[in-house]
Each structure stands twice: as C-alpha cells, then as structure tokens.
Amino acid sequence: MRVLVTGGAGYIGSVVAEVLLARGHGVVVYDTLVRGHRDAVPDEAPLVVADVLDAATLGAELREHRIDGVVHLAGLSLVGESVSAPDRYYHVNVLGGLTLLDAMRGAGVGLLVFSSSAAVYGEPGKQPIEEDDPPAPTNPYGETKLAPERAISWYGRAFGLRGVSLRYSNAAGASTDRGERHDPETHLIPIVLDVAAGRRDGVTIYGDDYPTRDGTCVRDYIHVLDLADAHVRALDALAAGAPSAVYNLGCGGEGYTVREVIDTAAAVTGRRIAARVGPRRAGDPATLVAATGRITRDLGWRPQRQDLREIIRSAWNRHVR
C-alpha cells in the first residue's frame with residue numbers, strides 16, 4: 001500500500017514509517033516539524049512539511065501520492081499542557097482529526113489507523129483495563145483522543161470508512177536508528193537515562209506509598225517497535241477487509257513500577273541513578289495496565305520485547321550514540 005503517516009517525523013511515527021517500509025509499503029510522511037525531526041524521517045519516505053489543519057494541502061497530497069491508507073499520529077500529547085492550553089489540544093487533536101477524515105473522504109481514502117491513548121479511560125475502576133470498560137477522560141488530552149475515535153465510528157457508518165484505534169501509554173525503547181527526543185522531556189525512561197549519562201542530577205519518584213509491590217506506581221512500558229508492529233498489523237488487517245475496531249496495547253504482563261524502571265536502568269547502564277521521593281501527583285492512579293487479549297486474538301499481536309531490560313537497553317544504546 002501507499003501510506004500517509006501523519007506525525008511521521010516524531011518518535012513513534014518515524015518508527016512506524018521505518019517498519020512500514022521494511023514490510024514493503026510505500027510511505028509519505030506528513031509533519032509540521034514543530035515537535036518532529038527532519039532527520040528522523042526515513043530516507044525512502046518523501047516528507048511533506050504541513051499541518052493536518054491545512055485541508056487543501058492534505059487533500060492534495062492524498063491525491064498526488066495516490067494514498068491507500070493513513071496512519072494518524074500527528075497531535076499533541078502532554079497531559080499537563082492540555083490542562084493549561086485546552087484550546088490548542090482541541091484545535092490540533094480534534095479539529096485536526098476531523099480535517100483529516102474529511103480530506104480522506106474527499107480523496108476516496110477509506111482506511112485509517114488512529115494512534116489513540118489509554119488516557120481515554122481516565123482513572124479506571126479495575127485492572128487490567130479492557131476495551132469495553134467505559135471511557136472517562138480526566139483531562140483535555142484524553143478527551144481530545146476520545147473524540148476522534150468516536151468520529152471515526154460515525155464516519156464509518158455514514159461514509160464507509162474503516163478505522164482501527166489503538167489505545168496505549170508509555171512508549172519506550174528505540175530502534176537502531178530512531179529513539180526519543182522530546183523537548184521538554186517528560187517520559188520516565190529517557191529522564192532516568194539522562195541521569196545515568198550525567199545530564200541530570202536525579203529523578204523524582206512521585207509517591208512511594210501506593211498499594212503496589214514496592215509502593216511506587218505501576219505502568220505499562222511498550223517497546224516502540226512493538227507499537228509500530230501493531231500499527232502496521234492493524235493497517236494490513238483493514239486492507240484485507242477487517243472491520244473497524246478498538247484495541248488496547250500493553251506490555252503483556254503486570255507492568256513495571258517506577259522503582260523497577262530506575263533499578264533496571266542502573267543495572268543496564270552500570271551507572272548510579274540518584275532518586276528522591278516527592279509527593280504524589282494529583283490524579284496519578286496506583287496502577288494502569290492494559291489487557292491485550294483482543295488484539296492478540298484478532299491480529300495475532302503480542303509484544304516481542306516486553307522485557308524491561310531489553311526496552312531500556314535499546315534506549316540506552318541509542319542514547320549513547
């Protein structure tokens with residue numbers, strides 16, 4: 001297929017583009033480069049520097065490149081920022097998503113994989129989270145991920161679009177050539193590795209009195225190559241005639257605590273990682289882990305790199321390079 005990857009110059013998007021190319025698909029990357037990086041785009045993929053809010057350019061590129069399907073990763077993704085700037089999140093994530101859907105409809109492109117978020121669940125009442133659990137976002141970021149999911153469903157009923165929404169959190173690790181580069185960096189593993197590399201003085205653990213095995217929060221950490229694999233499998237399934245669906249992605253186990261991440265990073269890097277305990281952050285659930293049985297049954301996906309040591313080692317190797 002010929003695939004448009006929006007946000008394809010970002011962390012996850014560039015790896016999705018890399019895996020699509022490796023599996024024989026043609027790729028066009030569409031990105032503003034506001035938070036993405038030109039050098040993260042694979043050499044084989046043309047880069048269109050434009051915004052998903054630019055309906056005219058988006059429609060023209062879909063037609064010019066004769067796109068068969070879209071993987072939509074463009075958007076804003078910082079929870080705290082979404083609370084202080086909800087207007088930006090609604091414009092980019094919701095209006096941008098609707099602009100893309102309308103452009104696809106106008107260009108006759110009927111297949112979409114949407115990179116959603118486990119933030120749509122808010123603070124779920126049970127673990128692990130399942131796709132049928134009611135969504136209840138607790139911040140604008142989660143709300144603005146849920147809205148496009150619902151739009152995809154209604155566009156499907158009205159116009160025949162078929163789409164898969166993938167809900168996940170805590171992408172981590174790196175491919176050989178591509179890894180995390182955020183500014184500011186808010187993700188735990190790259191922050192911990194910055195401490196190991198001497199770029200930060202230490203890392204803060206936000207609360208160590210949760211009802212977990214060591215008192216710190218438990219989360220899914222999913223290798224970015226496993227995430228990319230899920231996006232490509234979903235697109236291939238749609239191309240083969242599969243119906244629209246919503247899937248959780250997770251580490252395939254019980255998740256990892258913040259303390260386990262820090263200790264594993266110290267073991268992998270051979271460096272001391274200073275950590276201090278701070279107060280809990282408002283709204284931080286003790287445990288957030290997703291059940292992944294549905295996507296395993298339907299698409300045969302399961303994480304191949306779920307060992308935390310492998311995830312951190314790949315990130316550290318890229319970090320050092």
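These are my notebook entries on a predicted model, covering its sheets, helices, one aromatic pair, two backbone details and two enclosed or open spaces.

**Entry 1: the seven-stranded sheet**

I began with the strand order and found an open sheet of seven strands, which reads β3-β2-β1-β4-β5-β6-β11 and has parallel pairing. The edges are taken by β3 (47-49) and β11 (245-248), and because each has a single partner strand, one side of each is left without a neighbour in the sheet. I then looked up the twist, and on average neighbouring strands of this sheet are turned by 15° against each other, with direction ignored.

Within this sheet I followed one pairing in detail, that of β5 with β6 (residues 162-167), where the two strands run parallel and are joined by five bridges. On this stretch I noted that Leu-112 stands opposite Gly-163 in β6.

**Entry 2: helices lying across the strands**

Next I asked which strands α2 and α5 lie across. Helix α2 (residues 55-64) lies across β1 (2-6), β2 (26-31), β3 and β4 (69-72), and its direction makes an angle of about 170° with β2. Helix α5, for its part, lies across β5, β6 and β11, and runs at about 160° to β5.

**Entry 3: the aromatic pair**

I searched the whole structure for aromatic pairs, and the search returned one. The partners are Tyr-155 and Phe-159, whose rings are edge-to-face, with 5.3 Å from centre to centre and 75° between the planes. I count this as edge-to-face because the angle between planes is over 60 degrees. As for where the two sit along the chain, Tyr-155 and Phe-159 are four residues apart in helix α5, so about one helical turn separates them.

**Entry 4: the cavity**

I then turned to closed spaces and asked how many cavities of 30 Å³ or more the structure holds. The structure holds one, and the space in this largest cavity comes to about 30 Å³. Its lining consists of His-72, Gly-97, Leu-100, Leu-101, Leu-112, Phe-114, Pro-148 and Ile-152. By class I recorded six nonpolar and two polar residues in that lining, with no charged ones.

I also traced the lining back to the elements, and at least two residues each come from α4 (86-107), β5 (111-115) and α5 (140-159). Of the contributors, α4 gives the most, with three residues. Leu-112, which I had already noted opposite Gly-163 in β6, is one of the residues that line this cavity.

**Entry 5: the second largest pocket**

For the second largest pocket I noted about 330 Å³ of space. Its lining has 16 residues, and those that lie nearest its centre are Gly-179, Glu-180, Arg-181, Pro-190 and His-319. The elements that give two or more residues to this lining are α6 (188-196) and α10 (308-320), and α6 gives the most, with four residues. Sorted by class, the lining of this pocket has five nonpolar, four polar and seven charged residues, whereas no charged residue was listed for the lining of the largest cavity.

**Entry 6: the three-stranded sheet**

I returned to the strands for an open sheet of three, which has the order β12-β9-β14 and mixed pairing. Here β12 (256-257) and β14 (287-288) stand at the edges, and since each has a single partner strand, one side of each is left without a neighbour in the sheet. Strand β9 (residues 218-219) pairs with β12 over two bridges in the antiparallel sense, and I noted Thr-257 in β12 as the bridge partner of Val-218.

**Entry 7: backbone details**

Last, I checked the backbone, keeping in mind that most residues other than glycine have a negative phi and that most peptide bonds are trans. The bond that joins Gln-127 and Pro-128 is a cis peptide bond, with omega at about -5°, and Pro-128 has its place in the loop between β5 and α5. Arg-66 is not a glycine and yet has a positive phi of about 50°; this residue lies in the loop between α2 and β4.

Terms used
Residues numbered from 1 in each chain as written. Predicted model: local features only at pLDDT ≥ 70, side-chain atom pairs only at ≥ 80, totals over all residues. Heavy atoms only, no water. 1 Å grid on protein atoms, 1.4 Å probe; cavity = no way out; pocket = protein on both sides within 12 Å on 5 of 7 lines; lining within 4 Å. Points joined across faces, edges and corners; volume = space filled by probe spheres on them. Nonpolar A, V, L, I, M, F, W, Y, C, P; charged D, E, K, R; others polar. Pairing = 2+ DSSP bridges. Axes fitted to C-alpha atoms, helices over the stretch in contact; angles between N-to-C directions. Contact = heavy atoms within 4.5 Å. Phe/Tyr/Trp six-rings, centres within 6.5 Å; stacked < 30°, edge-to-face > 60°.
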